[in-house]
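Okay, thanks everyone, let's get going. I'd like to walk you through one structure today, so have a look at the screen.

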Amino acid sequence: MEILGMNFGCVLAALSDKRIPDKDCLLPLISKLLGYCIVAASTTVKLPQILRIVNHKSAQGLSVTAFELEVVGYTISLAYCIHKGLSFSAYGELAFLLIQAIILVAVIHYFSGPIKVKTWLVVLLYGAIAPTILGGRIDPVLFEALYASQHAIFIFARVPQIWKNYSNKSTGELSFLTCFMNFGGSLVRVFTSIQEKAPTSVLMGYVTGIIMNGTLLSQILAYRKPVSKKDKKSD
């Protein structure tokens with residue numbers, strides 16, 4: 001019995017024989033289930049961060065460059081996974097994360113003062129290039145180079161925020177819940193990537209995510225000050 005690429009047959013057969021399913025049967029199923037759980041959870045990962053900014057009407061302490069680079073990284077990662085024909089359960093969250101990341105950047109700009117002409121030019125440039133990348137209409141060698149560069153992009157996407165937190169000894173409006181879900185998602189994705197036999201470059205991307213998101217999470221715990229009940233609700 002197979003549902004959404006998940007084979008329950010061997011598990012049900014083992015249980016009907018009153019025995020524990022074999023590792024080779026159980027692990028791929030767990031991987032698929034975790035993958036779909038990650039995809040489902042990803043639909044709200046950045047919502048706490050977006051709501052925190054909107055509720056406080058402030059993007060104080062947030063590095064807009066970091067979140068803009070996130071958009072670029074998600075775009076390249078999503079395009080690469082689609083191009084490689086990976087199972088949706090192995091990368092589906094990237095689509096939802098990309099949409100939320102774009103909304104988050106827009107919200108940060110909105111609450112950071114007047115939007116400059118340079119920002120609109122960047123938006124137009126992204127709108128012109130992104131469809132080409134997502135459609136896979138670029139040279140395969142260039143595609144591989146782009147994906148290799150996205151690891152550096154995600155590192156540089158986190159470094160400005162990490163440095164800003166360190167310099168201010170505060171994480172400002174950074175959401176604990178969003179960072180925690182990013183960290184947990186990266187951990188799970190290492191396991192699912194191994195089970196799905198994803199390319200090593202994909203696996204290394206998630207390992208990088210664990211390190212970067214773990215650093216942000218530790219900063220929030222280290223620098224966070226006691227907050228009021230009203231602030232807790234918005235986080």
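I'll talk about one helix and then about some aromatic rings.

Before anything else, keep in mind that this is a predicted model.

So, let's start with helix α8, residues 140-168. It has 29 residues and reaches 43 Å from its first C-alpha to its last, close to the 42 Å expected at 1.5 Å a residue. Follow α8 along and you'll see a bend of about 30 degrees at Gln150. At the N-terminal end, Asp139 acts as a cap, with a side-chain oxygen 3.0 Å from the backbone nitrogen of Val141. Just past the helix, Lys169 has a positive phi of about 50 degrees. Lys169 also sits over the face of Tyr166, 4.0 Å from the ring centre.

What do the buried residues of α8 pack against? That would be α4, α7, α9 and α10. Among the buried ones are Phe143, Tyr147 and Gln150.

Now the rings. There are six aromatic pairs in the structure. One of them is Tyr80 with Phe143, edge-to-face, 6.1 Å centre to centre and 80 degrees between the planes. Tyr80 is in helix α4 and Phe143 is in α8, so this pair ties together parts that are 63 residues apart in sequence. Both Tyr80 and Phe143 are buried. Add Tyr147 and you have one aromatic cluster of Tyr80, Phe143 and Tyr147.

Another pair is Tyr110 with Phe111, also edge-to-face, at 5.0 Å and 85 degrees. Here Tyr110 counts as exposed, at 63% relative accessibility, while Phe111 is partly exposed at 25%.

That's my tour, thanks for listening.

Methods:
Residues numbered from 1 in each chain as written. Predicted model: local features only at pLDDT ≥ 70, side-chain atom pairs only at ≥ 80, totals over all residues. Heavy atoms only, no water. Phe/Tyr/Trp six-rings, centres within 6.5 Å; stacked < 30°, edge-to-face > 60°. Helix = DSSP H or I, 4+ residues; strand = E, 2+ residues; numbered from the N terminus. Buried < 20%, exposed > 50% of the residue type's maximum accessible area, 1.4 Å probe, protein only. Lys NZ or Arg CZ within 6 Å of the ring centre and 35° of its normal. Expected span 1.5 Å × (residues − 1). Bend = angle between axes of the 7 residues up to and from the residue. Contact = heavy atoms within 4.5 Å. Polar contact = N/O pair within 3.5 Å; in protein donor to acceptor, adjacent residues only side chain to side chain.
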